Amino acid sequence: MAGTENSENETAVPQRAVLVSVLTDSEIESEYESSLDELERLLETAGGESFARLTQIRPSPDPRTCIGSGKVEELRELCERNDIQLVVFDCELTPSQIRSLEDDINGKEKSGGICVIDRTMLILDIFALHAVTSEGKLQVELAQLKYTSPRLTGRGITMSRQQGGNIAMRGPGETKLETDRRHLKRRIDALTDALATMEKNRATQRSQRERSPILKCAIAGYTNAGKSTLLNRLTDAGALTEDKLFATLDPTTRRYTLPDGGEILLTDTVGFIRRLPHQLVNAFRSTLDEVSYADAVLVIIDASDPEHLEQLEVTRSLLAELGAADKPVLYIYNKCDISYPDINPLPEGVKCSEVVRISALTGEGIDELTEKLMKLNADGRSEVVMRIPNTDGGVLNRLYTQAVVRDVEYGSEYMTVRASVDRAVKGQLAQYII
Ligand SMILES: Nc1nc2c(ncn2[C@@H]2O[C@H](COP(=O)(O)OP(=O)(O)OP(=O)(O)O)[C@@H](O)[C@H]2O)c(=O)[nH]1
Ligand SMILES: [Mg+2]
C-alpha cells in the first residue's frame, strides 16, 4: 500500500493549494514565515504548488476549526474563486477540526470538493512517495494508518481515482475508507508484528557491527543539508541525492578507508525537520536508532540556508531526544561553494575543533574533514604491543574480532601481537600489554 506504485510524476498538473497558518501567542513571529516557506517546499516535493497563504493571529487555535469563522469564510471564497481543491494547515489538526473545516468550506456537498490536510499528513505523503525498502514502506503505512486515515473524510477521493494519487491520499488513505474498523485494526497489528521482526533482524546486524572495533559514524542533519551527497563523496554508496525534502528515508551504511589506512563506517539516514511529528519519530525509531547506536555523529549543516542556525538547533534537540547528545560530534558546514559562512560566534556548546567547512559537491574542505575523522577515529584507541602465552589462544581470536591486529610474531612460548585497541579492550586485556 504505502508508496507502492507511487511516483512523483503521477500528478502531472501540480495540485494548487492554499497554505494556512495560525500565529498564536506562544509563537515567535519570525518563525512562522520560515515555517510556511518550509511548508511550501514540502508541498512542492509532494507535487503541489502554493497558490496563496492565509495567516491568522489569535491567542489560541479555535477548538472547532483552528482558525475563526470569519477566516474560514475568507478561505472558502478564496478557494471557490480560484478553483482550489487543497488546503494545507501548517499546524496539526484533529480529525474533528478537519471534518468541520471541510463541512464549512464545501457546504453540504458530500463527495469531491475541497480537501483539508495538515503538515504531518503532507510529510507522511512525501514519505509514502519516497519509501523504497519494505521496512520503510511498512513504517510509513503504519504511521499513515494511525495518523492520516482517521483524518480523511472521503473528499478528494473521486479526484484521487482520476489522477492516480492526490496529495495525502497516497498510501493507505483510500483503502481505509473502504474498510471497517476491525480490518484497520488487523492491518495495524499485522504491520506492527512485521516491523517488530524486521527490528529484530536490524538489532542482530547492529550487534554484529557493535562487536566490531570499527568506529561507527552516523551522518545526521536537517533534510536537504547534503548528507547523502557527503556519503557519496567519501564512498561509492551511489545514494540518491535530490534538491527535495526527505529524499532519503532508509539508512545506508558504507565502509570508508581514511587516508591513514584506518577504517570507519558511515551511515546516512532520514533527515530532520522542525516539528518532526512524534508519530514519525516513533515510526522511524528503528531507522533513527542508527543514530542512537553510533559511536560519533557527523552533523551536516546547509550553510547556504539563511535558517541554518535554527535548523542546527532542531537537529541538536532531536539528537538529544534520540539519546545521542553526549556522543563525539563533528559539525560540518556544507555547501561552502555557494556560501562561505562566518562561523563565529559558534553556537553554544560547540567547540572550534569540532567545526569544519566543506562542499560535498566540489570536494572543497574534504581534506580537513578527513583529518578530523582520523583524529576522531584515533581518539580512544591506542596502539599496543601484547605478549600472549601460546596457551591463551582465545585472546588472539578476541583481538581479531574486537581490535585491529597489525602484526603477530609467533615464539615458542609467547605470541607478540601489535594491535590497535579501544579503551574497553585495552582495559580488559591489560595484563597482556607490555
Ligand atoms: N551547491 C552545493 N549543493 C549541494 C552540496 N551538497 C549537496 N548539495 C545539493 O543539495 C541537495 C540535497 O542534497 P542531498 O545530499 O540529497 O541532501 P540530504 O541531506 O541527503 O537530504 P534528504 O535525504 O532529503 O534529507 C542536492 O540537490 C545536492 O546536489 C554542496 O556542497 N554544494
Ligand atoms: Mg539524503
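So, helix 1 and helix 4 cross in a left-handed way, meaning the near helix is turned anticlockwise from the far one by less than a right angle. Helices here are DSSP runs of H or I, at least four residues, and strands are runs of E, at least two, numbered from the N terminus. Bear in mind that this is a predicted model, where local features need pLDDT of at least 70, side-chain atom pairs count only at pLDDT 80 or more, and totals for chains, interfaces and linings use all residues. Residues are numbered from 1 along each chain as its sequence is written, with chains lettered from A and ligands numbered from 1 in the order in which they are written.

Back to our pair: the axes of helix 1, residues 29-45, and helix 4, residues 119-130, come within 9 Å and cross at roughly 40°. Those axes are lines fitted to C-alpha atoms, for helices over the stretch in contact, with angles from 0 to 180 degrees between N-to-C directions. On the helix 1 side you've got Leu39, Leu42, Leu43 and Thr45, meeting Arg119, Leu122, Ile123 and Ile126 of helix 4; contact means C-beta atoms, placed from the backbone, within 7 Å.

Now the sheet. It's open, three strands in the order 11-13-12, paired antiparallel, and pairing takes at least two DSSP bridges. Strand 11 (381-389) and strand 12 (404-410) are the edges, each with a single partner strand, so one side of each has no neighbour in the sheet. Between strand 12 and strand 13, residues 414-422, there are six bridges, and Val405 has Ala419 as its bridge partner in strand 13. Helix 14, residues 393-402, lies across strand 11, strand 12 and strand 13, at about 30° to strand 13.

Key
Contact = placed C-beta atoms within 7 Å.
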